[in-house]
Amino acid sequence: MKPINIKEKFSLFNKNWHPHQVATVDNMQVILAKIKGEFVWHSHEEEDELFQVIKGTLYMQFRASSSGAGGEGGIRTEVVNEGEFIVVPKGVEHNPMTKNDEEVHILLFEKLSTAHTGKVQHEKTQTEYPKI
Ligand code: NI
């Protein structure tokens with residue numbers, strides 16, 4: 001029951017796309033990650049995912065459903081600025097990315113059961129998140 005300093009926690013790791021768990025809240029977890037470039041298209045059938053931008057600008061790509069909404073190739077991108085967050089609803093295909101070689105710091109809030117890349121297996125996929 002001590003305050004957790006987010007900036008301090010970010011200083012404890014450097015690897016991109018490697019989530020680190022900083023707290024649990026019942027069956028939810030608070031995760032920090034440093035991301036750069038593009039991640040992997042995936043979805044989570046049973047879990048929503050919250051992405052809060054601590055530093056930089058996150059571009060969250062969504063694959064539009066068969067409704068045809070969205071831009072080119074059915075991909076819609078939401079810009080999430082520092083101090084903003086976005087919730088990815090369960091079942092929606094998404095792919096976070098950053099631009100201009102910027103390393104972006106994000107805080108995620110999601111269920112403990114949420115798999116990093118859903119059912120997709122990728123070289124970026126992490127199965128265990130170090131606790132820091
Ligand atoms: Ni996800």
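**Figure 1. Close-up of the largest cavity.** The largest cavity has a volume of about 150 Å³ in this predicted model. The structure holds one cavity of 30 Å³ or more. Two or more residues of the lining come from each of the elements β2 (28-35), β3 (49-55), β7 and β8 (104-111). The lining comprises 16 residues, and those nearest the centre of the cavity are P19, F39, F51, L108 and H116. Sorted by class, 11 lining residues are nonpolar, three are polar and two are charged.

**Figure 2. Close-up of the nickel site.** The nickel ion takes its protein donors from H42 (NE2), H44 (NE2), E49 (OE) and H94 (NE2), at distances of 2.1 to 2.2 Å. Along the sequence, the spacing of these donor residues is H-x1-H-x4-E-x44-H. The arrangement of the four donor atoms is irregular because the angles they subtend at the nickel ion run from 89 to 177°. The tetrahedral class would require all angles to lie between 85 and 135 degrees, and the upper value of 177° does not meet that condition. Two of the donor residues can also be described by their accessibility: H42 counts as buried because its relative accessibility is 3%, and H44 counts as buried at 3% as well. The cut-off for a buried residue is under 20% relative accessible area.

**Figure 3. Close-up of strand β4 and its two partners.** Strand β4 spans residues 58-63, and five of its six residues are buried, so the strand is largely enclosed by the rest of the structure. With strand β5 (residues 75-80), β4 forms an antiparallel pair joined by six bridges. Within this pair, M60 stands opposite E78 of β5. Strand β7 (residues 94-97) is also antiparallel to β4, and four bridges join the two. Here F62 stands opposite H94 of β7, and H94 is also one of the donor residues of the nickel ion. In a regular strand, side chains alternate between the two faces of the sheet.

**Figure 4. Close-up of strand β2 between its pairing partners β1 and β8.** Seven of the eight residues of β2 are buried, and the strand is mostly covered. Strand β1 (residues 20-25) pairs with β2 in the antiparallel sense through five bridges. V25 has M28 of β2 as its bridge partner. The hairpin of β1 and β2 has two residues between the strands, and D26 in this hairpin adopts a positive phi near 50°. The pairing of β2 with β8 is antiparallel and extends over eight bridges. In that pairing, M28 stands opposite K111 of β8. M28 thus appears in both views of β2, facing V25 as a bridge partner and K111 in β8.

**Figure 5. Close-up of the loop between β7 and β8.** Most residues other than glycine have a negative phi. N100, which is not a glycine, has a positive phi of about 60°. The residue is located in the loop between β7 and β8, and N100 counts as exposed because its relative accessibility is 76%. D101 belongs to the loop between β7 and β8, and its phi is likewise positive, near 60°, in a residue other than glycine. With a relative accessible area of 63%, D101 is exposed. The cut-off for an exposed residue is over 50% relative accessible area.

Note on methods. Residues are numbered from 1 along each chain as its sequence is written. This is a predicted model: local features need pLDDT of at least 70, side-chain atom pairs count only at pLDDT 80 or more; totals for chains, interfaces and linings use all residues. Side-chain values use heavy atoms; hydrogens and water are left out. Donors are N, O and S atoms within 2.8 Å of the metal (3.2 Å for Na, K and Ca); water is not among the atoms, so sites may look incomplete. Four donors count as tetrahedral if all angles lie between 85 and 135 degrees; four count as square planar and six as octahedral if opposite donors are over 155 degrees apart and all others between 65 and 115; anything else is irregular. Buried means under 20% relative accessible area, exposed over 50%, partly exposed in between (1.4 Å probe, protein chains only). Two strands pair if DSSP finds at least two bridges between them. On a 1 Å grid over the protein atoms alone, a cavity is a set of points where a 1.4 Å probe fits but cannot get out, and a pocket is an open set with protein on both sides within 12 Å along at least five of seven lines; lining residues have an atom within 4 Å of a point. Grid points are joined across faces, edges and corners, and a volume is the space filled by probe spheres set on the points. Ala, Val, Leu, Ile, Met, Phe, Trp, Tyr, Cys and Pro count as nonpolar, Asp, Glu, Lys and Arg as charged, and the others, Gly among them, as polar.
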